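Got the model open in your viewer? Keep the selection box handy, and click along as we go.

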Amino acid sequence: MGVLLLRTDCFFFLACFCGLGFGNPNKCDEVRKVFQLRQIGPNQLLPLSPRLGSDLQVCMSKNQTCCTKKMEEKYQLAARRDIQNLLQTSSSSLKFLMSRNVAAFQETFEVLMKQAENHTNTVLQDSYGNMADQAVGPVRELFTDISLFLLGSELNVDDLVQRFFDALFPLVYNHLINPGLSDISPGYAECVRSSSRVVRPFSGAPGLLADQIARSGVSGKLLLQALHLGIEVINTTDHLQLSRECRRALLKMHYCPHCQGLTQSKPCMGYCLNVMRGCLASMAEIDTHWREFVHSLEGLSARMHGPQDLEQVLLGVHTLIHDAVGHAQKNGPRLSAQVHKLCGPPSRRPAQSVSIQHSSSRELIPLQVPVRVSGDSLAVRRRDFLNSLRLYRTYYGGLADQLCVSELASGDGLSCWNGTDIVKSYTLRVVGNGIKAQAANPEVKVKESDPVINQIIDKLKHINQLLQGKSIPKLGTLDQIETGSGDAEGRYSGDCDDEDGCGGSGGGEIKSKVQRVSKLSPDVTSDRSHHHHHHNPSAEGSEMGRSKSLGLTGSIFVFMLPCLQMLLGL
């Protein structure tokens, strides 16, 4: 009776072994399909059937596996590529906002410059007739120099403004102060020009205009330079070189479950947070300085009014020049005597039949204030830009959480991958954001902050000082802040070895749009459930079943050995 019972038990376990064992040639088919679909590597790397994984370095398991060492290397490259694509996707809207507004502000500057130049020429033409025709060149040169200054050239504003008024004085002398039947000779005009800084025909107008352009121009330059630096910050973090520990953790989280046939599994939320907060610990250190950057831009914009309102200053240049010319004309006798003393009597060209009559009533024509187009207003553009930028002030502090909530992790209450198996919940401690918090991270060891991130933080600190007016450079110049595309091949840190395949990040495209974090980010109050991915309960059950079947194999095989021996003996 005992022998019969034992024989029955043995047949039962043999039947179980035949149903659950890896003898089924279709066991790795799903892994093969995903491997091919995601273009991770050639299918020849996959084993035909489950095997022992003693050669694996990260995806180690006591069960048999559908992975080889070569597959593990390909999976690690794919995991890094996936995260880098996800980082670029998550920052794409912020990067577009910054780039679009750099172009918009530059375009607005150019439009304002052309408007100011046209207004100046029109006013001079209306008030001073023939002189205005000869003043077109100096006026164009003035606004060209101002434009170059705003767009980054380190021109001295005092010099460029004085150069304009020096060129203007011979025209004022020739047409308004000491008009004759013909123009003064080039040599005499040069002497008059040289005397300008001695006789000061325009009183304090050159200094006033230079001061207004310098004050408002420095603010405009700072705004553009800050936006360029913002783009550099984004480019740098988009191409962040991940550490070896991080790459191995990403492999374990994303693709090690594939080795056990769990191709549809997602990491538990706490597990994902630990991995991503560890990988992006250095990036989280940007948070404080990025928030200050946004706040400092708001402060700069608030100060850009009155003497620092570039639009108001540029559209008021024509008035200042008109009044300066009027001042010289009223003081004509005094100026004529001073020029005569310095340059002698006027030397003129041969007489030409050109009318040089100037109506004294021209200068009494009231100036028309240029009409501003609100849509092109710098103030309106700044306001709209800052309203959009405020939404991203916590971007770097909540990035790891955002990626887990909206893209990577399993939803609440669903079975998930904890790095070893499919479970109901993650039980290890979940650490916070930033370098210091990673000392207790059970998933990723963070040795030190990334030196490239430290460099970008230093640049943010510097621009924040300038934006806040704590380190204002001399009027007319601005300390250069090195900016770049962020595409710094070979610049980024992180240890690397041949095993990890650091040759390149590969391609790929993440099409899903990353949403903002809700509970995990202080600035968003939307329902967190909005970010959860839908899961098929039957699929979850099959994942649990597959995991358990793989786990049972070893114990069943050990129990079956005595049964086989007994049956052979019979």
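What follows is a tour, stop by stop, of what to select and what is there.

This is a predicted model, in which local features need pLDDT of at least 70, side-chain atom pairs count only at pLDDT 80 or more, and totals for chains, interfaces and linings use all residues. Numbering starts from 1 along each chain as its sequence is written, and side-chain values use heavy atoms, with hydrogens and water left out.

**Stop 1: helix α2**

Select 29-37, which is α2. Helices here are DSSP runs (H or I, at least four residues), and strands are runs of E of at least two, numbered from the N terminus. Show the side chains of Val-31, Val-34 and Phe-35, which are buried in α2. Buried means under 20% relative accessible area, exposed means over 50%, and partly exposed is in between (1.4 Å probe, protein chains only). Now look down the axis: the buried residues of α2 fall within an arc of 100 degrees, so they line one face of the helix. That arc is taken from the directions from the helix axis to the C-beta atoms.

Turn to the face away from the buried side, and you find the exposed residues Lys-33, Gln-36 and Leu-37. What do the buried residues of α2 pack against? They pack against α3 and α9, where contact means heavy atoms within 4.5 Å.

Next, step just past the end of α2 to Gln-39, with its positive phi of about 55 degrees. Gln-39 sits in the loop between α2 and α3, and it counts as exposed because its relative accessible area is 67%.

**Stop 2: helix α6**

Select 186-199 for α6, a helix of 14 residues. From first C-alpha to last, α6 reaches 19 Å, close to the 20 Å expected at 1.5 Å a residue. The expected span is 1.5 Å times one less than the number of residues. Color Tyr-188, Ala-189, Val-192, Ser-195, Ser-196 and Val-199, which are buried in α6. Add 157-177 (α5) and 332-343 (α15) to the view, since the buried residues of α6 pack against these two helices.

Arg-200 comes just after α6. It is not a glycine, yet its phi is positive, at about 50 degrees. Is Arg-200, in the loop between α6 and α7, buried or partly exposed? Arg-200 is partly exposed, because its relative accessible area is 49%.

**Stop 3: aromatic pairs**

Now for the rings. A pair of aromatic rings is described by the distance of the centres and the angle of the planes. Rings of Phe, Tyr and Trp (its six-membered ring) pair if their centres lie within 6.5 Å; planes under 30 degrees apart count as stacked, over 60 as edge-to-face and the rest as tilted. The count by this rule is 11 aromatic pairs.

Select Phe-105 and Phe-385: their ring centres are 6.1 Å apart and their planes stand at 90 degrees, so this pair is edge-to-face. It links distant parts of the chain, with Phe-105 in α3 (69-128) and Phe-385 in α16 (378-389), 280 residues apart. Phe-105 is buried at 0% relative accessible area, and Phe-385 counts as buried at 2%.

Then select Phe-169 and Phe-202, an edge-to-face pair with 6.2 Å centre to centre and 85 degrees between the planes. Phe-169 belongs to α5, while Phe-202 is in the loop between α6 and α7 (205-238), 33 residues apart. Phe-169 is buried, with 0% relative accessibility, and Phe-202 is buried too, at 3%. Add Phe-164 and Phe-165 to the selection, and you have a cluster linked by ring pairs, together with Phe-169 and Phe-202.

**Stop 4: two loop residues**

Go to Ser-265, in the loop between α9 (256-259) and α10 (269-279). Ser-265 counts as buried because its relative accessibility is 19%. A polar atom of its side chain lies 3.1 Å from the backbone oxygen of Leu-262.

Finish at Met-304, in the loop between α12 (287-303) and α13 (310-314). Met-304 is buried, at 4% relative accessibility. Which residues does Met-304 touch, not counting residues up to four places away in sequence? Show Ser-219, Gly-220, Asp-309 and Arg-382 to see these contacts. For one last click, draw a distance from Met-304 to Arg-215: their C-alpha atoms are separated by 9.4 Å, though the residues are 89 apart along the chain.

Conventions: A polar contact is a pair of N or O atoms within 3.5 Å; within protein, one must be able to donate a hydrogen and the other to accept it, and residues adjacent in sequence count only if both atoms are side-chain atoms.
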